[in-house]
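Trainee: Could you take me through one part of this structure up close? I'd like to look at the place where the ligand sits and what is around it.

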Amino acid sequence: MEFRDLKQQYTVLKPQMDAAIGAVLESTHFISGPQVGQLEEKLAAYAGRKYCITCANGTDALVLVLRAWGIGPGDAVFVPDFTFFASAECVSNVGATPVFVDVDETTFNMDPASLRLAIEGVKAQGGLTPRVVIPVDLFGLPADYDAIAAIARAHGLLVLEDAAQGFGGHCNGKMACGFGDASTVSFFPAKPLGCYGDGGAIFTDSDEEAALIRSFAVHGKGTDKYDNVRIGYNSRLDTVQAAILLVKLAAFDEEVAATYRAASQYTALLKDAVKTPVVPKGYFCSWAQYTIQLKDAAQRDKVAAALKAQGIPTNIYYPRTMRRQTAYKDSLPAQVVHSPTAEKLCERVLALPIHPYLTPELAAMVANAVLAAL
Ligand SMILES: *Cc1c(COP(=O)(O)O)cnc(C)c1O
């Protein structure tokens, strides 16, 4: 069994996919071909944003926004303690300081109360200037943007939505990649909308910001390609990846619906035995991951081993909090808030196979294996 079945997806999409890739090969327009602009238009419309700027990967997307906002040394950027490393790595890469915030036990997303304490703590300490908050749409569920935006506004912070895992999710009619002052997504193959390599994009409604981000992404170009007006990056999505994403985007809504059915089946079968993921009222999760919580690390590891013995893959997202990452252990200033919930989740979480091609038979087999292991 596959954890995320990209082979089956390719088999289903093969005729359109091979034609789309073949067309790029025939054209030899490998960088900045017309498919890139077409994709950007379609993605912006999907997310309900004025602009989409594609780039080389989801990590670059975060860095490009921070650079466009002028974030650097002396700035504090608030990041959930329970996320993928890149959510904070981008902050360190521009010379700013990540400040880690605890998460909510039921949604896995940034806890607004902890964010407020962290901002107030940094202000009271002095030294760093609070500038940005990066809520993450973890596992496909949008963060609590109403609460987070209110806190950010009160303290003069910008909000950068890290929707690397969130594409396809929504909340009260607003799509992921449409929250905050700017948003980013990753097209890493295993994300809800993935390409066949690395890829990413940035979303914004601001004319000036869109122009600035595009400049940073292409060597700091000015209006003339050989007039470089700032030090930028080489961060583009290539034409082959754009062509692949156009095919995947056309199939995306159907895939999200199929993934939703698989997740609902898991919840129905497992909710009385383990803690199943909660999608609050008004929210829709695109199920980048389906994560259950066990009693403790021992029970979690027992269930994972039992599933593995039956050929069922599982993953632990995430085994350690950000502040416990080796790269950060000794290099960060003392953090202003603790994250007991994030610590607890690292011991208890287990992600089950989830994807649009998980049949009801396979989902039942996985759920029954979990129940048997308990
Ligand atoms: C995957 C991921 C990223 C980085 O995306 P890449 O395309 O792999 O660079 C950033 N943030 C989160 C939460 C992610 O899951």
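**A look around the ligand**

Mentor: Let's start with the location: the ligand sits in the largest pocket. Keep in mind that this is a predicted model, so we're reading a prediction as we go.

Now look at who is around the ligand. There are 14 residues surrounding it, and the closest are Gly58, Thr59, Gln165, Ser186 and Lys191. If you sort the residues of this shell by character, you get four nonpolar, eight polar and two charged. Want to find some of them on the helices? Turn to α3 (58-68) and α4 (86-93), as each of these supplies at least two residues of the shell.

Next, zoom in on single atoms. Begin with glycine 58, where a backbone N or O atom lies 2.7 Å from an oxygen atom of the ligand. Then go to glutamine 165: here a polar side-chain atom is 2.8 Å from an oxygen atom of the ligand. Aspartate 162 also uses a polar side-chain atom, but its partner is a nitrogen atom of the ligand, at 2.8 Å. How much of the ligand does the protein cover? On its own the ligand has 380 Å² of accessible area, and the protein covers 92% of that.

Okay, zoom out, and let's place this pocket in the whole chain. You'll be able to count 12 helices and 12 strands in the protein chain. Its C-alpha atoms fill a box of roughly 65 × 60 × 35 Å, taken along the principal axes. Is that what you'd expect for a compact globule, or not? With 374 residues, such a globule would have a radius of gyration near 21 Å, and the protein chain has 21 Å, so the two agree.

While you're zoomed out, two spots in the backbone deserve a visit. One is in the loop between α9 (297-309) and α10 (326-329), where you'll find tyrosine 318. The peptide bond leading from tyrosine 317 to tyrosine 318 is cis, with omega near 10°. The other spot is serine 32, in the loop between α1 (6-27) and α2 (34-47). Serine 32 has a phi near 60°, which is a positive value in a residue other than glycine.

To finish, go back to the ligand and find glycine 58 again, one of the closest residues.

Terms used. Residues numbered from 1 in each chain as written. Predicted model: local features only at pLDDT ≥ 70, side-chain atom pairs only at ≥ 80, totals over all residues. Heavy atoms only, no water. Near = heavy atom within 4 Å. Polar contact = N/O pair within 3.5 Å; in protein donor to acceptor, adjacent residues only side chain to side chain. Areas by Shrake-Rupley, 256 points an atom, 1.4 Å probe, with all protein chains shown as cover. 1 Å grid on protein atoms, 1.4 Å probe; cavity = no way out; pocket = protein on both sides within 12 Å on 5 of 7 lines; lining within 4 Å. Sits in = over half its atoms within 2 Å of the grid points. Helix = DSSP H or I, 4+ residues; strand = E, 2+ residues; numbered from the N terminus. Nonpolar A, V, L, I, M, F, W, Y, C, P; charged D, E, K, R; others polar. Rg over C-alpha atoms; globule rule 2.2 N^0.38 Å.
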